[in-house]
Every structure is written in structure tokens, then in C-alpha cells.
Amino acid sequence: MHIAILTLTFSLPGCGSLKEKRQRMGGLHARFGNTPSVAVCESGGRTRHDASEWTLVIIGLSKREVESQCSQIEEKIERTVDARVMNVEREFV
């Protein structure tokens, strides 16, 4: 069993409220949290309206499978989330 912790830090330029932040970031949990091998949570910046940090835990049978899934998640986030990705960290446990 292989585990990766993927942490993404976002900047939300022009975001004026927590409600707007939820609208811009809210789909992140629904998009990836339904996958059985992925757990998702907002891990930082919860009270800030202009920034957010999300952590995803990805589990797979091989390191290659987990790395591939991490790459797919990063690419999908870049395309679909209305925020600027400031930092991406991958940690294998």
C-alpha cells in the first residue's frame, strides 16, 4: 500500500467574502472526495477569504498508481478551480 499527501495552496485574487470563496472552491471536495482512494479537506486558510489550503490523501497499490493519480488531480485542479495555485507539495508516506 502506498500513500501520498498532496497539499495545494491557493490564492483567490478579488475574492471578497467567505461565501464567494466557497463558491469558487466548493466543488473541490465534491469532485475528488467521491473517489474511494482519495480523502479531501480544507487544511488551512479556513477563515481567510483570499487564500485557501487543501490537502488530499491518495492511496494506491503501487507508487506509480499514486503518482499518476496525483498528477491527474493537479491537472484537473489547474483547469477547473477558479483560483491561482501558489504551491504544490507531495509527500509519500
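Leaving aside its neighbours within four places in sequence, which residues is Phe32 in contact with? I would like to keep that question open for a moment and come back to it once the surroundings have been laid out, and I should say at the outset that what we are looking at is a predicted model.

Let me start with the sheet. Four strands make up an open sheet, in the order E2-E3-E1-E4, and their pairing is antiparallel. Strand E2, residues 38–44, and strand E4, residues 84–92, stand at the edges with a single partner strand each, so one side of each has no neighbour in the sheet. On average, and with direction ignored, neighbouring strands are turned by 20 degrees against each other.

Turning to the pairings of E1, strand E1, residues 2–11, is joined by ten bridges to strand E3, residues 51–60, the two running antiparallel, and within E3 it is Trp54 that stands opposite Leu8. E1 is also joined to E4, by eight bridges and again antiparallel, with Phe92 in E4 as the bridge partner of Ala4. As background, strands of a sheet pair through backbone hydrogen bonds, either parallel or antiparallel.

Thr7 gives a useful view of this arrangement, since the residue lies in strand E1 and is buried, with a relative accessible area of 16%. Its contacts, neighbours within four places in sequence left aside, are Glu53, Trp54, Thr55, Asn87, Val88 and Glu89.

Now to the helix that lies across the sheet. Helix H3, residues 63–80, lies across E1, E2, E3 and E4, and runs at about 170 degrees to E4. As a check on its geometry, 18 residues at 1.5 Å a residue should span 26 Å, and the end C-alpha atoms of H3 are indeed 26 Å apart, which agrees.

Which residues of H3 are buried? They are Val66, Gln69, Cys70, Ile73 and Ile77, and, seen down the axis of H3, the buried residues fall within an arc of 105 degrees, so they line one face of the helix. The general reasoning is that an α-helix has 3.6 residues a turn, so residues three or four places apart point the same way. On the other side of H3, Arg64, Gln72, Glu78 and Arg79 are exposed, while what covers the buried residues includes E1, H2, E2, E3 and E4.

That brings us to the core. The largest nonpolar core has 19 residues, and those with the most contacts inside it are Phe10, Leu28, Phe32, Leu56, Ile58, Ile73 and Ile77. Two or more residues are given to this core by each of E1, helix H2 (27–33), E2, E3 and H3. In soluble globular proteins, nonpolar side chains tend to be buried together.

We can now return to the opening question: Phe32 is in contact with Val38, Val40, Leu56, Ile73, Lys76 and Ile77, once neighbours within four places in sequence are left aside.

One of these contacts, Val40, deserves a closer look, and the residue lies in strand E2. Is Val40 buried or exposed? With a relative accessible area of 13%, against a cut-off of under 20% for burial, Val40 is buried. Not counting residues up to four places away in sequence, Val40 touches His29, Phe32, Gly33, Trp54, Thr55 and Leu56. By way of a distance, Val40 and Arg24 are 16 residues apart in sequence and 16 Å apart in space, C-alpha to C-alpha.

Key
Residues numbered from 1 in each chain as written. Predicted model: local features only at pLDDT ≥ 70, side-chain atom pairs only at ≥ 80, totals over all residues. Heavy atoms only, no water. Pairing = 2+ DSSP bridges. Axes fitted to C-alpha atoms, helices over the stretch in contact; angles between N-to-C directions. Contact = heavy atoms within 4.5 Å. Core = buried A, V, L, I, M, F, W, Y, C linked by side-chain atoms within 4.5 Å. Buried < 20%, exposed > 50% of the residue type's maximum accessible area, 1.4 Å probe, protein only. Expected span 1.5 Å × (residues − 1). Arc of directions from axis to C-beta.
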